[in-house]
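Please open the model in your viewer, with the sequence panel beside it, and follow the stops below in order, selecting each residue or element as it is named.

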Amino acid sequence: MFNVLLLQAASPAPGPQPSGFGMLMPLVLIVGIMYLFMIRPQQKKQKETQKMLDALKKGDKVITIGGIHGTVASTKENVVVVKVDDNTKIEFNRTAIATVIADKPAEEPKAEKKSIFGKKAKKAEETPASSETEEK
């Protein structure tokens with residue numbers, strides 16, 4: 001009895017057989033989605049990191065992958081000398097530099113917000129809705 005069931009399961013179904021292209025299409029879609037969402041962004045990130053490492057110059061403030069903060073004292077082909085204190089310099093491979101800290105200018109004080117009608121915006125305490133709740 002078991003042999004009959006196995007033979008029936010192994011025999012091709014009487015309906016139309018899927019083509020080789022139809023069976024290959026899901027695999028192609030999976031590889032394409034993996035490329036778009038995983039491989040391509042990683043390649044972009046690697047290019048940006050390599051560009052950052054190639055642009056290292058004396059005086060740049062950096063953070064290493066070990067978390068050491070310092071300033072680039074000198075650069076060689078694959079080595080960066082980082083000054084971490086007044087008289088302390090440490091050599092790192094270029095690949096050990098995680099980020100370059102960009103010095104940003106101090107932010108200017110923010111101006112008061114104005115509404116679209118040109119009047120100063122009122123604080124929440126001064127709005128009529130809040131004064132009504134206080135009266136109740």
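Begin by selecting Thr64, which is buried because its relative accessible area is 3%, where buried means under 20% relative accessible area, exposed means over 50%, and partly exposed lies in between (1.4 Å probe, protein chains only). This is a predicted model, in which local features need pLDDT of at least 70 and side-chain atom pairs count only at pLDDT 80 or more, while totals for chains, interfaces and linings use all residues. Residues are numbered from 1 along each chain as its sequence is written, and side-chain values use heavy atoms, with hydrogens and water left out.

Thr64 lies in strand E1, and strands here are DSSP runs of E with at least two residues, just as helices are runs of H or I with at least four, both numbered from the N terminus. Which residues should you display around Thr64? Leaving aside neighbours within four places in sequence, Thr64 is in contact (heavy atoms within 4.5 Å) with Phe92, Ala96, Ile97 and Ala98.

From there, select Ile97, which touches Thr64 as well as Met52, Leu53, Leu56, Val62, Ile63 and Val82, again not counting residues up to four places away in sequence. Ile97 also belongs to the largest nonpolar core, whose 9 residues are Leu53, Leu56, Val62, Val72, Val80, Val82, Phe92, Ala96 and Ile97. Such a core is a set of buried Ala, Val, Leu, Ile, Met, Phe, Trp, Tyr and Cys residues joined through side-chain atoms within 4.5 Å.

Next, move to Asp60, in the loop between helix H2 (20-54) and strand E1 (61-64). Is Asp60 buried or exposed? Asp60 counts as buried because its relative accessibility is 13%. The side chain of Asp60 reaches the backbone nitrogen of Lys57 at 3.0 Å, and, with residues up to four places away in sequence not counted, Asp60 touches Ala55, Gly70, Thr71, Val72 and Val100.

Now colour the strands, of which 5 form an open sheet in the order E4-E3-E2-E1-E5, with antiparallel pairing; two strands are taken to pair if DSSP finds at least two bridges between them. The edge strands are E4 (89-93) and E5 (97-101), each of which pairs on one side only. Neighbouring strands of this sheet are turned against each other by 45° on average, direction ignored, with axes taken as lines fitted to C-alpha atoms.

Within the sheet, follow E1 into strand E2 (residues 69-75), to which it is joined by 3 bridges in an antiparallel arrangement; one pair to show is Lys61 with its bridge partner Thr71 in E2. E1 and E2 form a hairpin with 4 residues between them, and Gly67 in the turn has a positive phi of about 95°.

Continue from E2 to strand E3 (residues 79-83), which pairs with E2 in the antiparallel sense over 4 bridges. A hairpin joins E2 to E3 through 3 residues. In E3, the bridge partner of Thr75 is Val80, while that of Thr71 is Lys83.

Finally, zoom out to the protein chain, which has 3 helices and 5 strands, running α-α-β-β-β-β-β-α from the N terminus on. Buried residues make up 12% of its 136 residues. Among contacts in the chain with a separation of 6 or more, 33% are between residues 24 or more positions apart.

Technical notes: Polar contact = N/O pair within 3.5 Å; in protein donor to acceptor, adjacent residues only side chain to side chain. Axes fitted to C-alpha atoms, helices over the stretch in contact; angles between N-to-C directions.
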